[in-house]
Amino acid sequence: MFICSIKELSRWRVFWYVLFVCMLIECIACNPGQQDSVDHPKFFEAVINHADSLGTNPDRERGLRYLDSVYIHFQHAGPGDLYRKYLFKKGYYYDKDYSKSLIYCDSMLYILKDLAGHKKYTKSYVNALLNKGDVLVAQKRLTEAFEYYYKAKQIGETTHDTAFLADYYNQLGMICYRQDKFTEAARNFKLATQLRLICGTQDFAAFSFIQENIDNIALAFDRAGNYDSAGVYFQKALSYINANEARFNTVANQRRYVAMAKGIVYGNQSFMYLKKGDTASVEPLLLESIRINNQPGYANEDAYYTQLRLANLYINTNRMPEAFGLLKKIKSALDSIAMPDRELRLRWLKSEETWYAKTHQPDKAYAFLKEYTYIKDSLDNRNRKIHEADISREFDNVARQQEIIALKNDDRLKTIFLVITTLFLASVIAISFLIWRTWLRSKQNLRLVGIQNDRLTTALRNLESRDQENAALLKVIIHDLKNPVGNIGAIAGLLLDSEEFDPAQRKAMYQMIANAGNQAFEIINQLLENKNKGQLSGLKTELTDLPLLLMECINLLQFKAQQKRQRIRVGRIPAGIANLDRDKIWQLFTNLIDNAIKFSQEKSVISISATRTDNTFTIMIKDKGIGIPPELKEKIFEMHTSAGRPGTAGEQSFGLGLSISRKIAEMHNGHLWFESVPGKETTFYVELPCEPSKQPAVKGARLNV
């Protein structure tokens, strides 16, 4: 039941009466035929300010409900009025739900899309573009974010608006900061501050922008390890706030903002002192920051982060009871929040684990560490680049393991080379000494020393040659295993992410995984049997159904194409039986189809068909990709060629696939060639000998991938 005092009830009656009168005046003043295109900035500025002031209430959504009720009763809000509403909601949900925040950004762009050319709305439209870019950056969708930043930059440059340029460089600074490019971030924040200072109008929006950027400059220098510059800018931020505090002391939400800004700067400044080792200055700043922002309606989340810093300070200084009490308060605050920030919870878990570890309670410390590791892995996955977001967990684990193995091997090789170099230098010194002594004894002994030196040099060259052979073999193994292992990961990921497959479909997909695994095992056996710089071993021929083998390769790789939303279209494929090495032809087909997927754009179509004569069977694989320029036509078939290019989604190219594929075709007395239109399409042709057959051609299935 809602209960309020008589005084509060009277105040609300007066407020609704004033609101009704304002709405009536607006309706009378506006032309009925143009009401939907007229803005009411003074009225809605007061409404927005009041909604913002309601944020101090424990019921955080009270301001949103009030805002919605006003707009429902005010039926003729103009585009600028609606823009204010959506901007307020975007800001409210920004740190709580990025998806909702993005919806309100789209709403701002929708109502202003036809008004962007009007001078009155240009700045609002540019600001909407920047706001959407900001949300996309927070969602780690950097490619899309830069598209909106670029659109805003194009419009802003035509207006020569200094305030826009300040916003633009502020956004660039935020992106650089998130990418840990702190020096570059500080430079952009400085430029944004300077541009905003020369705008002329120094209202509350300008004040908030300037003080935030000065604080951001200090933070960037702090993260870059430039503590002297950081300290200077933290003091500048506080001085700027103090100098302007009196100007914004009459409006409640502005007064609250100024206090919050001070508290945030105190907390950031304390972190700098902590890293400098000045622990005496840390605790007073942390306590003052917490005192300010722990109040209802203030920057409570920043207060929680600051409390964690204070708890860690207590732990590091062995003030365990105080740290324990503070961590319990933070736990209580986290439990009271419907959707607490995951980064905040992650830091709290780490602090709890540290506390229990230092108080010799390993079981409890391990429990917190386990949850910390789980959340950290989840956050790390969310922070990956967009072209890595759809890779399954299994494949990612394999990639990480391979990276670790490669690093270990690299370290081992460096150690071996260091030992060899040391031995070589020692040998040179010893030989020089022997030469000196031998020269004194006889010229014949000097000649023998020269012979020994030549033998040692030859041994070193042989060792270097063996290392190069092993490196070449490792590169071939990685390339040949890429397709079967990648396909296993793609199919397994699809099985884990979807429950829509029936048992028959699952069985077929399990069979594909088994086939890919067997193929990988066979590739490993062949390569280990023949360690001659990636050269192919002899053929193990058998009668093979070429269309069936081709469809098996297509079915296996369709899941990889699905990750790029591509479609494989299978055309006419005649019957054909050939006496060939089934595993090597499988490798040839998968190499060519994988290349078509790699170098084709998203949502493109890959066409596969075949023709035959009495004694030959020709397969055609056509993509709509980046094409092959004339200067690379011969180089792409060279072993370890430098003509390798990254795929359309950044996939790595080893420069081995086409060389191996041509060798396989030639070993079967076949032929591999291609036709290409640079920038548009490429068609690869594989001609293989086959057994004479009178069976009619059949129409291939069409796969939509």
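**Close-up views of the predicted model**

**View A. A salt bridge joins helices α3 and α4.**
At 25% relative accessibility, Asp68 is partly exposed. Buried means under 20% relative accessible area and exposed over 50%, with partly exposed in between (1.4 Å probe, protein chains only). The model is predicted: local features need pLDDT of at least 70, side-chain atom pairs count only at pLDDT 80 or more, and totals for chains, interfaces and linings use all residues. Residues are numbered from 1 along each chain as its sequence is written, and side-chain values use heavy atoms, with hydrogens and water left out. The side chains of Asp68 and Lys89 form a salt bridge, 2.7 Å from N to O. This pair links distant parts of the chain: Asp68 sits in helix α3 (residues 62-73) and Lys89 in helix α4, 21 residues apart. A salt bridge is a side-chain nitrogen of Lys or Arg within 4 Å of a carboxyl oxygen of Asp or Glu. By this rule the count comes to 21 salt bridges. Lys89 is buried because its relative accessible area is 7%. Helices (H or I, at least four residues) and strands (E, at least two) are DSSP runs, numbered from the N terminus.

**View B. Tyr92 lies in helix α4 (residues 79-93).**
Tyr92 counts as buried, at 15% relative accessibility. In sequence, Tyr92 and Asp52 are 40 residues apart. In space, their C-alpha atoms are 9.5 Å apart.

**View C. Ala205 is placed in helix α10.**
Ala205 is partly exposed, at 46% relative accessible area. Its partner in this view is Gln254, 49 residues away in sequence. The C-alpha atoms of Ala205 and Gln254 are 9.9 Å apart.

**View D. Helix α11 packs its buried residues against three helices, α9, α10 and α12.**
Helix α11 (residues 227-244) has 18 residues. From first C-alpha to last, α11 reaches 26 Å, close to the expected 26 Å. The expected span is 1.5 Å times one less than the number of residues. Buried residues of α11 include Tyr233, Phe234, Leu238, Tyr240 and Ile241. Gly231 and Asn244 are also buried. The packing partners are α9 (182-197), α10 (204-223) and α12 (252-276). Contact means heavy atoms within 4.5 Å.

**View E. Helix α13 (residues 279-293) carries two salt bridges, through Glu283 and through Arg291 with Glu288.**
The 15 residues of α13 reach 22 Å from first C-alpha to last, close to the 21 Å expected. Buried residues of α13 include Val282, Glu283, Leu285, Leu286 and Ile290. Their cover includes α12 and α14 (300-316). Glu283 and Arg319 meet through their side chains in a salt bridge (2.9 Å, N to O). That pair links distant parts of the chain, with Glu283 in α13 and Arg319 in the loop between α14 and α15 (320-336), 36 residues apart. Arg319 is partly exposed, at 25% relative accessibility. Arg291 and Glu288 form a salt bridge at 2.7 Å, N to O. Arg291 and Glu288 are three residues apart in α13, so about one helical turn separates them. Glu288 counts as partly exposed, at 27% relative accessibility.

**View F. Asp222, Arg223 and Lys275 are linked in a network of salt bridges.**

**View G. A nonpolar surface patch includes Phe433 and Trp436.**
The other members are Leu434, Trp439 and Leu440, and the patch has about 610 Å² of accessible area together. Patches are made of residues with over 30% relative accessible area and no salt bridge: like charges are joined within 9 Å, nonpolar side chains (Val, Leu, Ile, Met, Phe, Trp, Tyr) within 5 Å. Accessible areas come from the Shrake-Rupley method with a 1.4 Å probe; for residues, only the protein chains shown count as cover. Phe433 is in helix α18 (residues 393-441). At 45% relative accessibility, Phe433 is partly exposed. UniProt, in an unreviewed entry, places the feature "transmembrane region" at residues 416-436. UniProt annotations may be inferred rather than shown by experiment; positions are in the numbering used here and feature names are shortened. Over residues 416-436 the chain is 100% helix and 0% strand, with end C-alpha atoms 30 Å apart.

**View H. His360 and Arg565 have positive phi values.**
Most residues other than glycine have a negative phi. Phi of His360 is near 60 degrees. His360 is in the loop between α16 (342-358) and α17 (362-382), and is exposed at 71% relative accessibility. Phi of Arg565 is about 55 degrees. Arg565 is in the loop between α21 (546-563) and β2 (567-570).
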